[in-house]
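User: Could you walk me through how to read burial, cores and aromatic pairs in a protein model? I would like the general idea along with the actual case.

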Amino acid sequence: MGIREFPGGAPRAKSIAVGMRRSPDVSPRRLSDISPQLRQLKFLVVDEAIKEDLKWSRSVEDLTSGPVGLTSIEERILRITGYYGYQPWATSYKREERPREPPGPAEAQAPAGTEAGGRTNRHHWTCSQKQLRKVFWGVAVVFCVCASWAGSTQLARLTFKTFDAPFTLTWFATNWNFLFFPLYYAGHVCKSTEKQSVKQRYRECCRFFGDNGLTLKVFFTKAAPFGVLWTLTNYLYLHAIKKINATDVSVLFCCNKAFVFLLSWIVLRDRFMGVRIVAAILAIAGIVMMTYADGFHSHSVIGIALVVGSASMSALYKVLFKLLLGSAKFGEAALFLSILGVFNVLFITCIPVILYFTRVEYWNSFDDIPWGNLCGFSILLLTFNIVLNFGIAVTYPTLMSLGIVLSVPVNAVVDHYTSQIVFNGVRVIAIIIIGLGFLLLLLPEEWDVWLIKLLTRLKVRKKEEAAESSGDLGTGPQSRSRRARPSFAR
């Protein structure tokens with residue numbers, strides 16, 4: 001009742017059964033009498049609804065499994081009819097004796113040395129040249145992200161020894177964001193076949209903000225809030241470096257991945273994943289243990305609070321960007337970051353001036369400013385943001401994120417030789433817990449499905465190898481003598 005006719009194929013199963021009953025010469029003990037009808041069963045398909053209801057039925061599986069299903073049907077009929085010459089291990093020869101259908105385009109183009117049995121699917125297990133190139137670029141991107149992030153953190157710590165002005169350093173480095181769009185346009189001119197003028201490219205990228213482009217209203221409603229969040233993220237991070245060591249700052253900032261998940265789950269209604277909840281719990285536990293590692297001193301507590309606030313601002317920036325603006329192309333992202341640089345110059349410049357005259361961030365003369373450190377920090381931070389935003393064009397996003405967590409051991413090694421950091425047991429456990437939570441957050445959404453498929457594939461392969469080994473052992477003289485015995489089972 002759940003079987004329907006394949007379009008342009010064989011008649012219904014009912015007509016097959018009627019033909020079998022009407023034929024006077026049909027013997028229930030001879031397979032050759034009903035073999036034409038059995039061959040027609042492989043053209044039958046089962047309705048999806050009926051298949052779902054009868055998924056545990058062996059007959060439905062047999063009908064939908066191609067030649068293997070046909071063999072199972074033959075075996076069952078021979079068991080029922082009690083054919084004396086029936087040998088279950090010898091039923092496969094019938095498939096080999098059937099005339100081969102004309103090869104399709106894929107088979108006609110297969111190389112002559114290709115073996116039978118699906119060996120052409122070997123490319124699923126080998127890395128293509130494109131994938132190898134992505135992995136190679138991924139290693140290079142991981143190195144750039146790790147080096148630029150760890151280098152900027154250590155250089156900022158070194159700068160504060162002679163220039164104690166974290167907000168001024170934040171303002172100076174953010175001004176370099178203006179270079180994003182010019183650098184993008186230079187790459188566009190070098191790589192693109194259809195070159196556009198700066199004005200044309202600018203207008204095309206402005207469509208990201210709406211049909212009217214970048215208007216004054218859009219600037220203050222969609223760009224200015226992100227400029228404030230950008231400044232707060234960097235300032236809190238740099239101010240935390242003054243209070244605690246660079247290793248603790250870098251590892252605590254990795255918690256922003258957990259905050260992004262929690263905000264996305266609440267605000268964006270993203271898919272709930274238990275493994276990411278576990279990662280968020282690990283991140284929070286790591287923060288508490290990191291606070292306990294220094295004995296709850298005032299400087300350490302304030303520094304940890306500052307870097308956790310920086311991670312929260314970074315997470316809020318990412319979630320609001322996805323909520324208000326969605327996803328951006330490379331040119332649109334470059335234009336947006338350049339607009340943040342313009343906003344910083346126009347509206348944030350007054351704050352360092354106020355801090356200077358109120359002697360909160362004061363220096364005697366401009367000759368005392370370590371311009372080399374400031375420019376080096378700005379270049380490293382610009383490189384980090386460029387690679388992090390545009391590295392997806394050449395590699396996988398997961399590999400780019402690994403560069404951030406790999407900066408933690410780099411900072412730990414540098415701090416070990418340049419500062420008086422003490423790696424006690426609590427601090428090491430906190431670093432490991434936060435790093436593990438960060439890695440769990442890098443798992444894709446369908447990681448459990450992929451894992452089940454991998455385990456199923458490995459299980460099937462083991463069964464096939466066991467069947468092949470048992471088949472090889474069954475070719476001996478004793479098995480042949482057993483096969484020659486007639487079966488009297490009814």
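User: How many residues of helix H13 (residues 246-253) are buried?

Analyst: This is a predicted model, so every value here is computed from it. Helix H13 is mostly covered, with 8 of its 8 residues buried. They include polar residues such as Thr247, Asp248 and Ser250, alongside Val249, Leu252 and Phe253. At the N-terminal end of H13, Asn245 acts as the cap: one of its side-chain oxygens is 3.3 Å from the backbone nitrogen of Thr247.

User: Which residues have the most contacts inside the largest nonpolar core?

Analyst: Those are Tyr237, Leu238, Leu252, Val307 and Phe377, in a core of 58 residues. Helix H16 (residues 298-324) supplies the largest share of this core, 7 residues. Apart from it there is another core, of 30 residues, which includes Phe167, Leu325, Leu337 and Ile339.

User: Let me zoom in on one residue. Leaving aside neighbours within four places in sequence, what is Tyr237 in contact with?

Analyst: With that filter, Tyr237 is in contact with Trp149, Thr153, Val249, Ser250, Phe253, Val307 and Ser310. Val249, Ser250 and Phe253 are among the buried residues of H13.

User: Is Asn234 buried or exposed?

Analyst: The cut-off for buried is under 20% relative accessible area. Asn234 has 15% relative accessibility, so Asn234 counts as buried. This residue lies in helix H12 (residues 216-243), and beyond its neighbours within four places in sequence it is in contact with Thr170 and Leu381.

User: Now the rings. How is a pair of aromatic rings described?

Analyst: By the distance of the centres and the angle of the planes. The structure holds 31 aromatic pairs. In one of them, Phe136 and Trp137 meet edge-to-face, 6.3 Å centre to centre with 70° between the planes. Phe136 is exposed, at 58% relative accessible area, while Trp137 is partly exposed at 41%.

User: And what kind of pair do Tyr317 and Phe321 form?

Analyst: Their planes are at 20° and their centres 6.5 Å apart, so this pair is stacked. Both residues are buried. The general idea helps here: an α-helix has 3.6 residues a turn, so residues three or four places apart point the same way. Tyr317 and Phe321 both lie in helix H16, 4 residues apart, about one turn of the helix. Ring pairs also link them with Phe208, Phe209, Phe226, Trp230 and Phe336 into a cluster.

User: Where does Arg359 lie relative to Tyr362?

Analyst: Arg359 lies over the face of Tyr362, 4.1 Å from the ring centre.

How values were computed. Residues numbered from 1 in each chain as written. Predicted model: local features only at pLDDT ≥ 70, side-chain atom pairs only at ≥ 80, totals over all residues. Heavy atoms only, no water. Core = buried A, V, L, I, M, F, W, Y, C linked by side-chain atoms within 4.5 Å. Buried < 20%, exposed > 50% of the residue type's maximum accessible area, 1.4 Å probe, protein only. Helix = DSSP H or I, 4+ residues; strand = E, 2+ residues; numbered from the N terminus. Contact = heavy atoms within 4.5 Å. Polar contact = N/O pair within 3.5 Å; in protein donor to acceptor, adjacent residues only side chain to side chain. Phe/Tyr/Trp six-rings, centres within 6.5 Å; stacked < 30°, edge-to-face > 60°. Lys NZ or Arg CZ within 6 Å of the ring centre and 35° of its normal.
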